[in-house]
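Subject: Handing over the structure

Hi,

As promised, I am passing the structure on to you. Have a look through it first, and then read on for my notes.

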Amino acid sequence: MDDLFDKHELVPVKAQEMTLQESIDLIMQKYSTNTKRAYTRAMRDFQVWLDSQGLHLQQVKQTHVFQYQMFLRHQDKKPATINQNMSCLKKVFSMLLEFGYVQQNPCDSEVLQSERVSPLSNKNALRFSQVSDLLLANEREKYDERVAQLLRFRNGLLVRFLYFTATRRSEAVGLRWEHLRTDGDFRIAVLPETKSGMPQKIKIRDDLYQRLTEWQDILQNRQIHSPWVFPSLSQRTLGRQMTGGGINNIIKRLGQAVGIDISAHYLRHTAITIAFDLGQPLEKVRGYARHVSADTTLRYYHDRDILRKNPTDVLPAL
């Protein structure tokens with residue numbers, strides 16, 4: 001792994017006697033030649049991806065690990081290969097944390113287990129890899145050729161929107177372009193029709209906002225002047241408001257394409273579950289989910305948590 005990190009020299013966050021390269025060499029000593037070769041390849045691939053994102057190791061956060069895992073899946077890498085890459089990253093970042101080159105391990109979460117998690121442990125929530133699978137299925141789906149480009153962009157945007165914002169399908173169908181606004185340095189959407197009966201504000205990530213803007217331009221270029229962010233694209237109802245059932249059918253169809261039976265609500269449940277997995281405080285997740293009671297928020301996570309931290313795991317073996 002000589003000179004692997006030369007382009008992005010890391011400065012230890014605290015005084016250390018061991019250099020970065022010495023630290024990397026140390027962790028590699030206990031592995032076989034083949035394992036060293038595989039880990040070296042994995043780290044070089046990760047470095048290439050970091051370069052393409054304009055990042056260096058000290059800037060890597062858990063969201064970047066998510067993005068890299070999705071990138072590997074888009075490259076049609078096998079689950080075993082992805083697991084090996086993630087295992088390599090976790091070990092290297094653990095070592096970098098120990099020697100003071102980073103302040104936290106961005107791989108220290110269940111995201112690295114997402115290829116192995118049993119479906120029984122996340123009732124009504126998807127693994128992150130399955131969300132990625134939905135997007136891949138959307139790219140391969142055989143849509144009506146007359147509006148295939150529009151359908152593919154809208155449906156992919158819909159998956160991302162439901163996942164990133166944890167919105168309900170009824171909230172998504174009622175979203176108008178006029179509801180997207182700026183609040184100081186942030187992009188937001190004001191949902192006029194929510195389960196609470198009152199308008200509620202949600203944050204729109206920058207990358208999601210860019211896709212929404214691109215989608216608006218696409219609609220305008222196709223002369224589809226609709227007030228709805230997610231309009232109907234069928235020939236008879238082009239530009240009109242979709243129904244909640246219509247959104248549900250889109251997600252269900254994409255789910256069937258990858259062999260899972262889901263509804264639109266699974267994406268909301270997934271976002272809330274992953275937020276807990278990444279260590280977000282209960283009150284923040286409650287606000288993100290827009291639940292009146294924290295008890296409601298906890299129910300989203302209860303089934304998975306009770307399996308992950310079950311007393312049976314600590315009983316003495318027979």
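Let me begin with one residue, Arg 152, which has its place in helix H6. Please keep in mind as you read that the model is predicted.

Which side chain of opposite charge is nearest to Arg 152? That is Glu 139, at 4.5 Å. Arg 152 is buried, yet it has no salt bridge. A salt bridge needs a side-chain nitrogen of Lys or Arg within 4 Å of a carboxyl oxygen of Asp or Glu, so a distance of 4.5 Å does not qualify. Leaving aside residues up to four places away in sequence, Arg 152 touches Asn 138, Glu 139, Glu 141 and Tyr 143.

**The chain as a whole**

Stepping back, the protein chain has 12 helices and 3 strands. It holds 318 residues, and 48% of them count as buried. The accessible surface comes to about 17400 Å², with 48% of that area belonging to carbon and sulfur atoms. Looking at contacts between residues at least 6 apart in sequence, 62% join residues at least 24 apart.

**Salt bridges**

Side chains of opposite charge can pair when their charged atoms come close. How many salt bridges does a search of the whole structure find? The search finds 8. Here are some that you can look up in the model.

Glu 171 forms a salt bridge with Arg 290, and the closest N and O atoms are 2.8 Å apart. This pair links distant parts of the chain, with the two positions 119 residues apart in the numbering. Glu 171 is in helix H7 (residues 169-173), while Arg 290 is in the loop between helix H11 (282-289) and helix H12 (294-308). Are these two partners buried or exposed? Glu 171 is buried, with a relative accessible area of 2%, and Arg 290 is buried as well, with a value of 11%. Arg 168 also belongs to this group: Arg 168, Glu 171 and Arg 290 are linked in a network of salt bridges.

Helix H11 holds a salt bridge of its own, in which the side chains of Arg 286 and Glu 283 meet at 2.7 Å, N to O. These two residues are 3 apart, which is about one turn of the helix.

Next comes Asp 207, which forms a salt bridge with Arg 205, the closest N and O atoms being 2.8 Å apart. Asp 207 counts as partly exposed, at 33% relative accessibility. Arg 205 is partly exposed too, with a relative accessible area of 30%.

**Charges over rings**

Arg 205 has a further partner, as its charged end sits over the ring of Phe 164, 4.0 Å from the ring centre. Another such arrangement involves Arg 176, whose charged end sits over the ring of Trp 228, 4.1 Å from its centre.

**Aromatic pairs**

A search of the whole structure finds 9 aromatic pairs. One of them is Phe 46 with Trp 49: the ring centres are 6.1 Å apart and the planes are at 15°, so this pair is stacked. Phe 46 and Trp 49 are 3 residues apart in helix H2 (residues 33-53), so about one helical turn separates them. Both residues are buried.

Phe 128 and Tyr 163 make a tilted pair, at 6.4 Å centre to centre and with 55° between the planes. Here the partners come from distant parts of the chain, 35 residues apart: Phe 128 is in helix H5 (residues 128-140) and Tyr 163 is in helix H6 (residues 148-165). Phe 128 is buried, and Tyr 163 is too.

Phe 46 and Trp 49 also belong to a cluster, in which ring pairs link them with Tyr 68, Phe 71 and Phe 93.

**Two more places to look**

Lys 36 is found in helix H2 and counts as partly exposed, at 32% relative accessibility. Its C-alpha atom is 9.9 Å from that of Cys 88, although the two residues are 52 apart along the chain.

Gln 58 lies in the loop between H2 and helix H3 (62-74). With a relative accessible area of 31%, Gln 58 is partly exposed. The C-alpha atoms of Gln 58 and Pro 106 are separated by 9.9 Å, and these residues are 48 apart along the chain.

Enjoy exploring it!

Best wishes

How values were computed. Residues are numbered from 1 along each chain as its sequence is written. This is a predicted model: local features need pLDDT of at least 70, side-chain atom pairs count only at pLDDT 80 or more; totals for chains, interfaces and linings use all residues. Side-chain values use heavy atoms; hydrogens and water are left out. Rings of Phe, Tyr and Trp (its six-membered ring) pair if their centres lie within 6.5 Å; planes under 30 degrees apart count as stacked, over 60 as edge-to-face and the rest as tilted. Helices (H or I, at least four residues) and strands (E, at least two) are DSSP runs, numbered from the N terminus. Buried means under 20% relative accessible area, exposed over 50%, partly exposed in between (1.4 Å probe, protein chains only). A charge sits over a ring if NZ of Lys or CZ of Arg is within 6 Å of the ring centre and within 35 degrees of the ring normal. Lys and Arg count as positive and Asp and Glu as negative; His and the chain ends are not counted. Contact means heavy atoms within 4.5 Å. Accessible areas come from the Shrake-Rupley method with a 1.4 Å probe; for residues, only the protein chains shown count as cover.
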